[in-house]
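Please open the model in your viewer and follow the stops below in order, selecting the named residues as you go.

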Amino acid sequence: ELSGSVTIIVLGASGDLAKKKTYPALFGLYRNGFLPDNVRIVGYARTKMEHQDYLKRVTQYIKVGEDVDKLETFKELLDYVSGQYDDDISYQNLDQFIYKSETERSIEAGKRNRVFYMALPPSVFVPVAKGLKSNVYAKEGINRVVVEKPFGMDSDSSNHLGRELSALFTENEIYRIDHYLGKEMVKNIMNLRFANVLFGHAWDRKFIDNVQITFKEPFGTEGRGGYFDEFGIIRDVMQNHLLQVLTLIAMERPISTDSEAIRDEKVKVLKCIQPIDIEDTLLGQYVAADGNPGYLQDETLKNKDSLTPTFAAAVCWINNERWEGVPFILKAGKALNEAKVEVRIQFHHVAGNLFSGSARNELVIRIQPKEAVYMKFNNKQPGLSYQTIQTDLDLTYHERYSDLHIPDAYESLILDVLRNDHSNFVRDDELERAWNIFTPLLHKIETHDAEVDIKQYPYGSRGPKELDAFVKKYGYHRDAKT
Ligand code: BG6
């Protein structure tokens, strides 16, 4: 689509996102031959840097393995320009630099394609977008603009940001990243659902009792307290990453795999979700345990009495024919006992069951670590016994697929940008719907409404002690016994 020639401009090239994700992903694509032949990557940031320092900085997180030579040739594609974020002269300088590079690379008019990757804090999103549009936007080629959350703080601020961006770029030029959509197992959800006759028929309220989507991290907010305290766990991972997973699990079958067909279905199901009720939530904040600091001891935290949740469980109800009455339980927390992200779909018990010892079926999609799809099911104890036992139909990726290499989510998404595939990016109306589901709840939490109760949980635990009773209330059976 980009006809072999492109300049990728990384705005915020000296920041964390660029160093840890964008450049390693670009290298991953380069190493595997997925970058267009005629490509240059131009970093842009405020810091003045020598070329060598820039190279060192943006390659420090790249895992080279045996491809040392490839890294050297990759470095030859990298340039750096420093400048301000709110200054036309700086952007004109950037434009001239790119134009010169395009000319040196013999790129013809009409093919001076530019991808702008905004690895920037939200405070400078809009001024940078404006500066780019007036000064650096390709007049003789295709433009693409990649942005990443936070997209505002709630419905109003997100809509406001959306209006600012849509005044500058068309929706087709904008790629809103939710990096969970680039993860292998999230990309697999549609295949699993729509390419298997078995699941297609058992995917509704008649068969499914409840769905849990869980995100657990074993570390706290150390070093990111400033950002996190303003946002909290719901904005950080639930309103975006977990809701995207829910949407893929719950949406109707799209009429095709075309990106707009997929996103149409996502928006449709989001429209059926009620705003989350505070009564359907359990909120928590971690406290010190076993030598690990509590949230309020985080040195980067300004408000030492903060009531920002670092844990949340919230139940979504989808009012449509397929899902009425089925709770979708989202759970997310920092400083928990393990690293795990998974979807757990619990089916109803067998009516009039003949066998004691059998349990409800559960389909588990483990997103990370150790990607897997497995199904808890019931089986006769092999041998002379007639005992029914529970076991797993197990598709653990690293066991099934030899030479398995799962690309990083950002690698997959940047490739989609180059290929002009919007399927795994968030559309403007989708974002608006996602905020509508969470905004009333977030406002209630932030005004410290009387109903808001933040439970404490020890660093390294499973979360607030009320959690088991909470999920049970919505029908989830922990050991899945009927
Ligand atoms: C980010 C959040 O969006 O996702 C982080 O801001 C979180 O707080 C991260 O740690 C999790 O991503 P992953 O890919 O490590 O599961």
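How far does a polar side-chain atom of Lys183 lie from an oxygen atom of the ligand? Select Lys183 together with the ligand, bearing in mind that this is a predicted model, and the separation between these two atoms comes to 2.6 Å.

Keep the ligand selected and add Asp236, where a polar side-chain atom lies 2.5 Å from a ligand oxygen; then add His241, whose side chain has an N or O atom 2.7 Å from an oxygen atom of the ligand. Taken alone, the ligand exposes 400 Å², and the protein buries 79% of that area.

Next, widen the selection to the whole surrounding shell, which consists of Lys149, His179, Tyr180, Lys183, Phe215, Glu217, Arg224, Tyr227, Asp236, His241, Lys334 and Gln368. Colouring these residues by character shows six charged ones, alongside three polar and three nonpolar. If you then display helix α10, residues 225-250, you have the element that gives the most to this shell, with three residues.

Now leave the ligand and select helix α5, residues 122-135, together with helix α6, residues 155-166, which pack with their axes 10 Å apart at an angle of about 10°. An angle under 35 degrees counts as roughly parallel, and α5 is therefore roughly parallel to α6. To view the contact itself, show the side chains of Phe125, Val126, Ala129 and Lys130 in α5, which meet Leu161, Glu164 and Leu165 in α6. The residues of this contact divide into five nonpolar and two charged, with no polar ones.

Notes: Residues numbered from 1 in each chain as written. Predicted model: local features only at pLDDT ≥ 70, side-chain atom pairs only at ≥ 80, totals over all residues. Heavy atoms only, no water. Near = heavy atom within 4 Å. Polar contact = N/O pair within 3.5 Å; in protein donor to acceptor, adjacent residues only side chain to side chain. Areas by Shrake-Rupley, 256 points an atom, 1.4 Å probe, with all protein chains shown as cover. Helix = DSSP H or I, 4+ residues; strand = E, 2+ residues; numbered from the N terminus. Nonpolar A, V, L, I, M, F, W, Y, C, P; charged D, E, K, R; others polar. Axes fitted to C-alpha atoms, helices over the stretch in contact; angles between N-to-C directions. Parallel < 35°, antiparallel > 145°, perpendicular 65-115°, else oblique. Contact = heavy atoms within 4.5 Å.
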